[in-house]
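Dear colleague,

Please find below the structure that I am handing over to you. A summary of what was found in it follows.

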Amino acid sequence: MRKYKYILFDLDGTLIYSHPGIFGCIRYALKELGLPAPKQEQLEKCIGPSLMYSFQNYFGLDEETAREATRKYREEYSKTGVYQNEPIEGVLETLKVLKEKGYVMAMATSKPKIYADIIAERWGFDRYLSAQVGSGIDGSFPTKASVITEAMRQLGATREETLMVGDRFHDLEGARENGVDCALLAVGYAEEGEIEREKPEYAFDDFWALGEFLVKNI
C-alpha cells in the first residue's frame, strides 16, 4: 500500500537555488539602513527561515529595525531577486512522474506567496501543484509550521499520509510540529552535518533518489 499520498515541498534549496537573489537583497537592505555589510557565513544561514528571524538572529537587529530591513529587502526583491534563481536538477522531471503516479503535491514555503507564485509559474512547477502556500506580506503564516498546517488544510491531507520535503532544519521542525514525516535533501543549503544531526525520517542525496523512493512505495 502507498505510505504517503500528499507531498509538500519547500521552495528555496529544495525546488530552486535562490541564493544570488536572497544574498543580494540582504546586502541591499543592510546598506540602505547604514548597517555593516554581511559576512558570507551570515548570508548562508538566511536561506530557509523567515526574514524577520534572519535579521534578528543572524544580524542582531531589534524587532523594529528588522521590520524595516524586511521592507527594504522586499523592495529590492520584487524588482530583481525574484528572478535570480533556477530549478534544482531533477525537480521538474520528478514532479511530473510523481503527479502521473497519483501523488497530490503542494508548495509550502516561508517565502511570501506573492513571490513564490511568480517563481512557480516561471519554472512550471505550478502545473504539478494542487496548492501553493507561502507566508503573507500581512504577517500571516509567519512560521514554517503554520505554512505546513495551511497547505495540509488546503489539500485535505491527513498527518499519516503527508510527507514534507525540504533541505533545512526549519522544514523538519515545521513537519514535527504538525506530526508529519520529513525528508531532507542534500542538494540545498543545509550546513555541514546538519541533516545527520537533525535525524529526519528520510535523507536523500538528490531529487532522483527521492522520486525513486516514492515511486517504489506505491
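**A loop residue, and the fold around it**

Lys-199 is located in the loop that runs between α9 (194-198) and β8 (202-204). Please bear in mind throughout that this is a predicted model. The phi angle of Lys-199 is near 55 degrees, a positive value in a residue that is not glycine. Most residues other than glycine have a negative phi. With a relative accessibility of 60%, Lys-199 counts as exposed, since the threshold for that class is over 50%.

A comparable entry concerns Phe-141, which sits in the loop between β5 (131-135) and α7 (144-155). Phe-141 is not a glycine either, yet its phi is positive, at about 50 degrees. Its relative accessible area is 30%, so Phe-141 is classed as partly exposed.

As to the overall architecture, the protein comprises ten helices and eight strands. Its radius of gyration is 17 Å, close to the 17 Å that the globule rule gives for 218 residues, so the protein is as compact as a globular protein of that length. The C-alpha trace spans about 55 × 35 × 30 Å along the principal axes. Among contacts with a separation of 6 or more, 66% are accounted for by residues 24 or more positions apart.

Turning to the surface, the protein exposes about 10,200 Å², of which carbon and sulfur atoms supply 48%. There are 27 positive and 36 negative side chains, and the centres of these two sets lie 3 Å apart.

In the interior, 52% of the 218 residues count as buried. The largest nonpolar core contains 52 residues, and Phe-9 and Phe-55 have the most contacts inside it. Helix α1 (residues 19-32) provides the largest share of this core, namely six residues. A second, separate core has 19 residues, including Ala-151, Met-164, Leu-172 and Ala-175.

Leaving aside neighbours within four places in sequence, the contacts of Phe-9 include Leu-15, Leu-95, Met-105, Met-164, Phe-207 and Leu-210. Phe-55 appears in turn among the contacts of Thr-70, which, with neighbours within four places again left aside, are Leu-51, Met-52 and Phe-55. Thr-70 belongs to helix α4 (residues 63-77). Its relative accessibility is 5%, and Thr-70 therefore counts as buried, the limit being under 20%.

With kind regards

How values were computed
Residues numbered from 1 in each chain as written. Predicted model: local features only at pLDDT ≥ 70, side-chain atom pairs only at ≥ 80, totals over all residues. Heavy atoms only, no water. Helix = DSSP H or I, 4+ residues; strand = E, 2+ residues; numbered from the N terminus. Rg over C-alpha atoms; globule rule 2.2 N^0.38 Å. Buried < 20%, exposed > 50% of the residue type's maximum accessible area, 1.4 Å probe, protein only. Contact = heavy atoms within 4.5 Å. Areas by Shrake-Rupley, 256 points an atom, 1.4 Å probe, with all protein chains shown as cover. Lys, Arg positive; Asp, Glu negative; His and termini not counted. Charge placed at Lys NZ, Arg CZ, Asp CG, Glu CD. Core = buried A, V, L, I, M, F, W, Y, C linked by side-chain atoms within 4.5 Å.
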